Amino acid sequence: MKIAITATGNSLQGPVEQRFGRAPGFIIYDTETKESKYVDNKQNLNAMQGAGIQSGRAVADQGAGAVLTGHVGPKAFATLDAAKIKVYSNVTGTIEEAIKKFEAGELEHTGSADVEGHWM
Amino acid sequence: MSGKNGSITIAVASGKGGTGKTTVSTALARAAHKEGRKVTMLDCDVEEPNSHIFLKPRMEDKWQVSITVPEVNKEKCTACGECGKICAFSAIIVLGESAMTFPELCHSCGGCWKVCPEDALGEIKREIGMLRTGKGLGGIPFIYGSVRIGEAMGVPLIRQVKEYIDRDGGLTIIDAPPGTSCPAIESVRGSDFVLLVTEPTPFGLNDLKLAVEMVRVLGIESGVVINRCDVGDNKVREYCAAEGVPVLLEIPDDRRVAEAYSRGELPFEALPDLEKKLSDLLGDILEITSKSKETAANK
């Protein structure tokens, strides 16, 4: 399965970005091949509205089955839920650590948004 | 916006909030009314309308304003994704087996209905706010909109308020929202003149520059009122001189204005010597707009 981790740049040693909708990018990690790649998401940084929805779309397009991030708002959660992507929020530390915890089964996925939308 | 019949629309705007848009716009409407002009006052600051506090209108009518948003028929939707491609606001998106909507982001442009090849989108109404009409001090027709609490979609409501612009030879004064984003642009768009109210402070200047750039993009004549002109520095005047934006009126900081404001009275009526200046301001604006119309007609 592919997992998407919110990232500030193309490095596994970098921190897990705490915002989902306005994450600068995503590390897409394949748990089978152990390969990873970086997907830029900067066009969403300055989106006036709907950043979470577009980020949800972006990780769905990458074929991700799970998202590891800090916080997810209601619209982003609804989008990820519709795409049948499991959400693991409140993930901290480096991206590499997050992947290890995920593979060790130490993370639990959430059933709802964990923060309010910024607009509504 | 104005026709050949002499209708004129003046929008009162500002980059910065709290500079005195409402104070100036209501004073201008009052001045025009005292001169015997046919004047209509519109409060387009739908997120925080307050002209009515000063104009004390007798409201005659009110109704809900709704916009039409798409509703997905999941039986018909094939998840082709066309609706999501055309939507600039992520209000409709296809993920999984069918399209899903975020009605609060929908600007009701109609694009998704047009591109859907399966006729899978229905229409539902979403209430965004209220529109109220009445008559203010001395019988000035007064219209204002107020968005529903928590609603982010002010622009369609502003369009409804602007339906009341006098196109039959009268003068319309628009109290615009602050800033330079969609609601401010929608409020001033199509006006014959934009009066920018500022204060001589670094914040006032910074936001005035943004507002001047906005009206230039929209191609509308503008002029400046410097409110509380005796506080702060000289940089607003220097900027206006350098950019060729006329300063049409300077109003001093005066405790009597603040006292009248706190009582909900028309603030500038506390300064009797301002009456003539407001009348001159109106005269200057009308002269500028008539000149620019002549120039446009001669082109």
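How are H1(A) and H2(A) oriented to each other? H1(A) and H2(A) are roughly parallel (angles under 35 degrees count as roughly parallel, over 145 as roughly antiparallel, 65 to 115 as roughly perpendicular and the rest as oblique).

## Basis of the description

This is a predicted model, in which local features need pLDDT of at least 70 and side-chain atom pairs count only at pLDDT 80 or more, while totals for chains, interfaces and linings use all residues. Residues are numbered from 1 along each chain as its sequence is written, chains are lettered from A and ligands numbered from 1 in the order in which they are written, and side-chain values use heavy atoms, with hydrogens and water left out.

## The helix pair H1 and H2 of chain A

Helix H1 of chain A covers residues 51–61 and helix H2 of chain A covers residues 74–82. Helices (H or I, at least four residues) and strands (E, at least two) are DSSP runs, numbered from the N terminus. The axes of H1(A) and H2(A) come within 7 Å and cross at roughly 25°. Axes are lines fitted to C-alpha atoms, for helices over the stretch in contact, and angles run from 0 to 180 degrees between N-to-C directions.

H1(A) passes H2(A) in a right-handed crossing. A crossing is right-handed if the near helix is turned clockwise from the far one by less than a right angle, and left-handed if anticlockwise. On the H1(A) side, Gly52(A), Ile53(A), Gly56(A), Arg57(A) and Val59(A) take part, and they meet Lys75(A), Ala76(A), Thr79(A) and Leu80(A) of H2(A). Contact means heavy atoms within 4.5 Å.

## Helix H3 of chain A

Helix H3 of chain A spans residues 95–103, and its buried residues are Ile95(A), Ala98(A), Ile99(A) and Phe102(A). Buried means under 20% relative accessible area, exposed over 50%, and partly exposed in between (1.4 Å probe, protein chains only). Viewed down the axis of H3(A), these buried residues fall within an arc of 100°, so they line one face of the helix. The arc is that of the directions from the helix axis to the C-beta atoms. An α-helix has 3.6 residues a turn, so residues three or four places apart point the same way.

Four strands of chain A pack against the buried residues of H3(A): S1 (2–7), S2 (25–30), S4 (64–68) and S5 (86–88). Gly105(A) follows H3(A) and has a positive phi, near 75°.

## Positive phi at two lysines of chain A

Most residues other than glycine have a negative phi. Lys34(A) is not a glycine, yet has a positive phi of about 65°. Lys34(A) is in the loop between S2 and strand S3 (36–40) of chain A.

Lys84(A), also not a glycine, has a positive phi of about 60°. The loop between H2 and S5 of chain A holds Lys84(A), which counts as exposed at 63% relative accessibility.

## Overall layout of chain B

Chain B has 10 helices and 11 strands. Its C-alpha atoms fill a box of roughly 70 × 45 × 40 Å, taken along the principal axes. Of the 299 residues in chain B, 52% are buried. Among contacts in chain B with a separation of 6 or more, 73% are between residues 24 or more positions apart.

Domain 1 of chain B comprises 8–44 + 169–298, and domain 2 comprises 74–119. Such bounds come from an automatic or database domain assignment. The C-alpha centres of the two domains lie 42 Å apart.

## Helices H7 and H8 of chain B

The axes of H7(B) (residues 202–218) and H8(B) (residues 235–243) come within 10 Å and cross at roughly 25°. H7(B) is therefore roughly parallel to H8(B), and the crossing is right-handed. H7(B) contributes Leu205(B), Leu208(B), Lys209(B), Val212(B) and Arg216(B) to the contact, and H8(B) contributes Lys235(B), Val236(B), Tyr239(B), Cys240(B) and Glu243(B).

In H8(B), Val236(B), Tyr239(B) and Cys240(B) are buried. Down the axis of H8(B), they fall within an arc of 95°, so they line one face of the helix. Ala241(B) and Ala242(B), on the other side of H8(B), are exposed. The cover over the buried residues of H8(B) includes H7 and strands S9 (193–198), S10 (221–227) and S11 (247–251) of chain B. Gly244(B), just after H8(B), takes a positive phi of about 70°.

## Thr289 of chain B

Thr289(B) lies in helix H10 (residues 274–298) of chain B and counts as buried at 1% relative accessibility. Leaving aside neighbours within four places in sequence, Thr289(B) is in contact with Ile8(B), Asp192(B) and Phe193(B). Thr289(B) and Glu221(B) are 68 residues apart in sequence, and their C-alpha atoms are 7.4 Å apart in space.
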